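User: Please take a close look at the salt bridges for me, and fill in some of the helix packing around them. Keep it chatty, but give me the cut-offs as you go.

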Amino acid sequence: MTALEEPRREQLLNAADRVVRREGPNASMNAIATEAGITKPILYRHFGDRGGLFQALTERHTSGLLTAIRAALAEPLERRERVEHVLDTYLAGIEARPQVYQLLTHPETGDPNGVGGVLAPALRQIAEEITRAVTAQVDLGPDAPLISEAWGRAITGMVLAAGDWWLEQKPCPRAKMVQALADLLWGRLAAAAALPTPVAPAAPAAPAETAAETAEPAVEPRTPVQE
């Protein structure tokens with residue numbers, strides 16, 4: 001792809017995003033081309049086919065979601081606040097584009113490795129980010145590597161399933177869903193001690209001055225003047 005083609009590609013993805021959000025995951029190439037003000041052959045030239053277009057769209061969505069979660073994990077918050085912030089970031093991300101999210105979690109029949117295949121690597125990356133955050137911030141004792149890895153994957157799977165149900169049913173506001181999930185996660189996290197914050201090494205002390213360097217200069221005795 002040339003540098004000149006990239007802005008055009010982004011324009012087409014923006015048009016596809018608008019149509020999918022409006023019409024759902026069954027949006028046609030005709031509708032997307034019309035939205036973009038072009039003909040279908042131009043879409044095919046950029047993305048190959050409908051699957052290629054939708055895969056590019058979902059990859060952009062998962063990349064943005066991963067970036068947001070990584071930023072949420074790095075926020076300087078208290079532990080409970082950070083848990084709620086990360087959960088809210090994920091739910092807000094899928095709530096903003098529910099039709100694109102549906103493409104990820106419910107791939108079309110006959111295309112098991114197409115658009116839906118984008119989800120698996122994204123979930124692995126999210127789990128790895130959570131694992132790293134837990135490892136760096138929570139004291140889990142001698143089994144910390146095992147527990148951190150298990151928690152990273154379990155939390156990701158739990159939030160994926162719960163978020164999918166919440167997005168489809170909308171049984172409560174997002175804030176209440178965040179609280180429910182945070183309460184479930186909080187028991188063991190609350191009990192674990194925090195790892196000490198790494199302390200920057202102290203600057204080296206200035207070399208001590210010698211007695212000769214600090215002593216007052218000697219005053220020579222004055223010779224009496226004879227009159």
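Analyst: Here's a walk through the salt bridges, followed by the helix contacts and a few residues worth a look.

Bear in mind that this is a predicted model, where local features need pLDDT of at least 70 and side-chain atom pairs count only at pLDDT 80 or more, while totals for chains, interfaces and linings use all residues. Numbering starts from 1 along each chain as its sequence is written, and side-chain values use heavy atoms, with hydrogens and water left out.

To get your bearings, the protein chain has 10 helices and two strands (DSSP runs numbered from the N terminus: H or I of at least four residues for helices, E of at least two for strands). Reading from the N terminus, the order is α-α-α-α-α-α-α-β-α-α-β-α. Of its 227 residues, 37% are buried (under 20% relative accessible area; exposed is over 50% and partly exposed in between, with a 1.4 Å probe and protein chains only). Contacts here mean heavy atoms within 4.5 Å. Among contacts with a separation of 6 or more, 67% are between residues 24 or more positions apart.

Now for the salt bridges. Side chains of opposite charge can pair when their charged atoms come close. The rule asks for a side-chain nitrogen of Lys or Arg within 4 Å of a carboxyl oxygen of Asp or Glu, and the count comes to 13 salt bridges.

Take arginine 97 and aspartate 17, whose closest N and O atoms are 3.1 Å apart. Arginine 97 sits in the loop between α5 (79-96) and α6 (98-105), and aspartate 17 is in helix α1 (residues 5-23), so this pair ties together parts 80 residues apart in sequence. Arginine 97 is partly exposed, at 29% relative accessible area, whereas aspartate 17 is buried, at 7%.

Helix α1 also supplies a partner for α2. Glutamate 35 pairs with arginine 22, with 3.0 Å between the closest N and O atoms. Glutamate 35 belongs to α2 (residues 29-36) and arginine 22 to α1, so the parts tied together are 13 residues apart in sequence. Glutamate 35 counts as partly exposed because its relative accessibility is 29%.

Then there's arginine 80, which meets aspartate 183 at 2.7 Å, N to O. With arginine 80 in α5 and aspartate 183 in α9 (residues 174-191), the pair links parts that are 103 residues apart in sequence. Aspartate 183 is partly exposed at 49% relative accessibility. There's a network too: Asp88, Glu95, Lys170 and Arg174 are joined by salt bridges that share partners.

Lysine 170 from that network is worth a second look. Lysine 170 isn't a glycine, yet its phi is positive, about 45 degrees. You'll find lysine 170 in the loop between α8 and α9, partly exposed at 41% relative accessibility.

Back to α2, the helix of glutamate 35. Met29, Ala31, Ile32 and Ala33 of α2 are buried. The axes of α2 and α3 (residues 40-47) come within 9 Å and cross at roughly 100 degrees (axes are lines fitted to C-alpha atoms, over the stretch in contact for helices, with angles from 0 to 180 degrees between N-to-C directions). That makes the two helices roughly perpendicular (65 to 115 degrees; under 35 is roughly parallel, over 145 roughly antiparallel and the rest oblique). On the α2 side, Met29, Asn30, Ile32 and Ala33 meet Lys40, Leu43 and Tyr44 of α3. Just after α2, glycine 37 has a positive phi of about 75 degrees.

For another pairing, try α4 (residues 50-73) with α7 (residues 119-137): their axes come within 10 Å and cross at roughly 5 degrees. They are therefore roughly parallel. Helix α4 brings Thr62, Leu66, Ile69, Arg70 and Leu73 to the contact, while α7 brings Ala122, Gln125, Ile126, Glu129, Ile130, Ala133 and Gln137.

Finally, serine 148 lies in α8 (residues 144-169) and is buried at 1% relative accessibility. The side chain of serine 148 makes a polar contact with that of threonine 135 at 3.2 Å (N or O atoms within 3.5 Å; within protein, one able to donate a hydrogen and the other to accept it, and residues adjacent in sequence count only if both atoms are side-chain atoms). Setting aside neighbours within four places in sequence, serine 148 touches Thr131, Val134, Thr135 and Leu140.
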